[in-house]
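Biologist: Please take a close look at a single part of this model, one helix and what surrounds it, and then carry the picture on into the rest of the chain. I would like the geometry spelled out as you go.

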Amino acid sequence: MRGLKKLMVFTLAAVIAASAAGCGSSQGKAEADNTTVTEAGQTGESAAAEADSQNAGAEAEKTSAAGGTVKVSVGSEPDNLDPMLSSATDTSAIMMNVFEGLLGFNEKGEFIPALSETYDISEDGLTYSFKLKQGIKFHDGADFTSKDVKYTYEKLAGLNGEAPLNETLNQLLASVETPDDYSVNLILKEKNAGFLSKATISIVEKDYTQNSTKPVGTGPFKFVEYIQGQKVILEKYPEYSTIKERMPVIDKVEFKIMTDANARLMGLKSGDLDITSVDAKNVEALKNDYNIVQGPQNMVQLMALNNSVEPFNDVKVRQAINYAVNKEEIINTVVNGNGTKVDSFLSPSMSTYFNTDLKNCYDTDIEKAKTLLKEAGYENGFKMTITVPSNYQTHVDTAQVIKNQLSKIGIEADIQLIEWAQWLDTVYGKANYEATIIGHSGKLDPNDFLNRFDSAYDKNYFKFSDPQYDELIHQAAVSTDEAKRVELFKECQQLLVDQAAAVYIQDPDVIYATSKSVQGMKNYPVTFLDMSSISLTK
């Protein structure tokens, strides 16, 4: 039996190790869970600026005071305040301040006790037993017990007789047992090496049905108000007791919904915002008057191609597009060089699983791209549409650069800007598109990143289908041999490259500018605006 311990550590400062320049022909696959998509992060311009700001912050923190209100920008409208129904990363970045899981995680990606104080895994790997903390209350005063855990997991997995809300849990979870009010056993259908990451899923109160409008959790902040198109307001939960280190210092947080980058910048300068993401091009002008917090995101920005529609159902066309896209130009032009080029659907931040052999697989080669198009029957090119969520300027700018690059091989790309909600419905939900540019945020388990390409995955909006990939990702999911699991994930990445399932561009740095009075901003391997660590100076 194994007790609560570090399960996975992702070093955010990891860099790509020296590796072979070529791309081999080995095949591979992988898997992911609740799909979340977000903006490819705004990036900063100077590591020195970050160091200076952190040094200044260390001095200012000595005079920090309790209380106050912090105003933070978010780049998109919440899709649903209920964590069971939300799939947008910007939303979860807010609501993780309200809801908690059996386990939490720290800045290194290590699991830490949250609503559970210990856990054990049975020798056969099928039973995960959690001992819950006692004395925790929901924001409405209800006691937190094993009944809430059972309700949450059964509802997500469809074990309550209703349609499942989480396809991965539906496939994995056989039953939930509650021996007493503070003990829970999650019983799996088969072994799954990455299942512990599912213990970070937000626990909701049993039979509470208003989380979409009046969410109630156990987290350090409780919900106050959501004004559509304007803001989400949270306030300190005075009775918070789950994680001692997360007891809030500030009184209130206003998450202001601001889809325009220029408006966010003006809001910071006018004092209407205390924390906002900023474009790399603005860092130099801001670094003397604001704190700059910068770091990698464990994200992959990509141009997804709908593998089920012509001409993108032809691997030669997809390969041609990959050879035509100059990633270095995108990184230098769009994010001022503050991004790490990627060649497959995994960030170098996940250093243990990242396939370092996949370096420079599709170095820009216009003539090779033209040859592949000719072989596919498109010697004169074709027209295509790149659909982009309009509220993410990084993706919009990337689309413009790619449009110009594709024109060199005769492909005429039209950029279609749509609202975020429409993108979630039309592109992500219904796969009604040809190409799109988006960023997929980091996960605590590589399986929860790579399974998006599993043909059985319900939100495989790439429409990628490959029996060998499916077999590889399923093997990786159940293998308890860590070395074998690493090998399988690397094979998955290789296959995605060989098949050119998408155009993998970069892991962009995330960069925030904060007012000088704000201290304690943290960067996590998943998108999380942790307000419990924030304080204001006197």
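Modeller: Let's start at the end of the helix: α3 is followed by Gly158, a residue with a positive phi, near 75 degrees. Please keep in mind that this is a predicted model, so everything below describes computed geometry.

Going back along the helix itself, α3 covers residues 146-157. Its 12 residues should span 16 Å at 1.5 Å a residue, and the end C-alpha atoms are indeed 16 Å apart, so the expected and modelled lengths agree. Of these 12 residues, 9 are buried, which means that α3 is largely enclosed by the rest of the structure. The buried set runs through Ser146, Asp148, Val149, Tyr151, Thr152, Tyr153, Glu154, Leu156 and Ala157, so polar, acidic and aromatic names sit side by side in that list. For reading such a list, it helps to recall that an α-helix has 3.6 residues a turn, so residues three or four places apart point the same way.

What does the covering of α3 include? Among the elements that cover its buried residues are β7, α4 (167-172), β8 and β9. The helix lies across β7, β8 and β9 (183-188), and it runs at about 170 degrees to β8.

Those three strands belong to an open sheet of 4 strands, in the order β6-β7-β9-β8, with antiparallel pairing. The edges are β6 (116-121) and β8 (173-180), each of which pairs on one side only. From one strand to the next the twist averages 20 degrees. At the β6 edge, 5 bridges connect β6 to β7 (residues 127-132), the two strands running antiparallel. One example of the register is Ser116, whose bridge partner in β7 is Leu132. If you follow the side chains along these strands, remember that in a regular strand they alternate between the two faces of the sheet.

Beyond β9 the chain enters a loop that leads to β10 (221-227), and Thr209 is found there. Is Thr209 buried or exposed? With a relative accessibility of 69%, it counts as exposed, because the cut-off is over 50%. Its C-alpha atom is 9.3 Å from that of Asp82, although the two residues are 127 apart along the chain.

Further on comes β12 (residues 252-257), a mostly covered strand with 5 of its 6 residues buried. It has two strand partners to look at. With β3 (residues 69-74), β12 shares 6 bridges and runs parallel; here Val70 has Val253 as its bridge partner. With β11 (residues 231-236), β12 shares 5 bridges and runs antiparallel; in this pairing Ile233 stands opposite Glu254.

Long-range links also come from side chains. The whole structure holds 25 aromatic pairs. One of them is Phe105 with Phe528: their ring centres are 6.2 Å apart and their planes meet at 70 degrees, so the pair is edge-to-face. Phe105 sits in strand β4 (residues 103-105) and Phe528 in the loop between β21 (518-519) and β22 (535-537), so this pair joins parts of the chain 423 residues apart. Both rings belong to buried residues, with relative accessible areas of 14% for Phe105 and 8% for Phe528.

Another edge-to-face pair is Phe345 with Phe462, at 6.2 Å centre to centre and 75 degrees between the planes. Phe345 lies in the loop between β16 (339-341) and α9 (366-375), and Phe462 in the loop between α12 (447-450) and α13 (467-478), so the pair ties together parts that are 117 residues apart in sequence. Phe345 is buried at 0% relative accessible area, and Phe462 is likewise buried at 0%. Not far along in the numbering, Arg452 lies over the face of Phe449, at 6.0 Å from the ring centre.

Finally, here is a second helix to set beside α3. Helix α14 (residues 482-498) has 17 residues and reaches 24 Å between its end C-alpha atoms, close to the 24 Å expected. Its buried residues include Val486, Leu488, Phe489, Cys492 and Leu495, and the elements covering its buried residues include α7 (315-324), α12, α13 and β20 (502-514).

Methods
Residues are numbered from 1 along each chain as its sequence is written. This is a predicted model: local features need pLDDT of at least 70, side-chain atom pairs count only at pLDDT 80 or more; totals for chains, interfaces and linings use all residues. Side-chain values use heavy atoms; hydrogens and water are left out. Two strands pair if DSSP finds at least two bridges between them. Axes are lines fitted to C-alpha atoms, for helices over the stretch in contact, and angles run from 0 to 180 degrees between N-to-C directions. Contact means heavy atoms within 4.5 Å. Rings of Phe, Tyr and Trp (its six-membered ring) pair if their centres lie within 6.5 Å; planes under 30 degrees apart count as stacked, over 60 as edge-to-face and the rest as tilted. Buried means under 20% relative accessible area, exposed over 50%, partly exposed in between (1.4 Å probe, protein chains only). A charge sits over a ring if NZ of Lys or CZ of Arg is within 6 Å of the ring centre and within 35 degrees of the ring normal. The expected span of a helix is 1.5 Å times one less than its number of residues.
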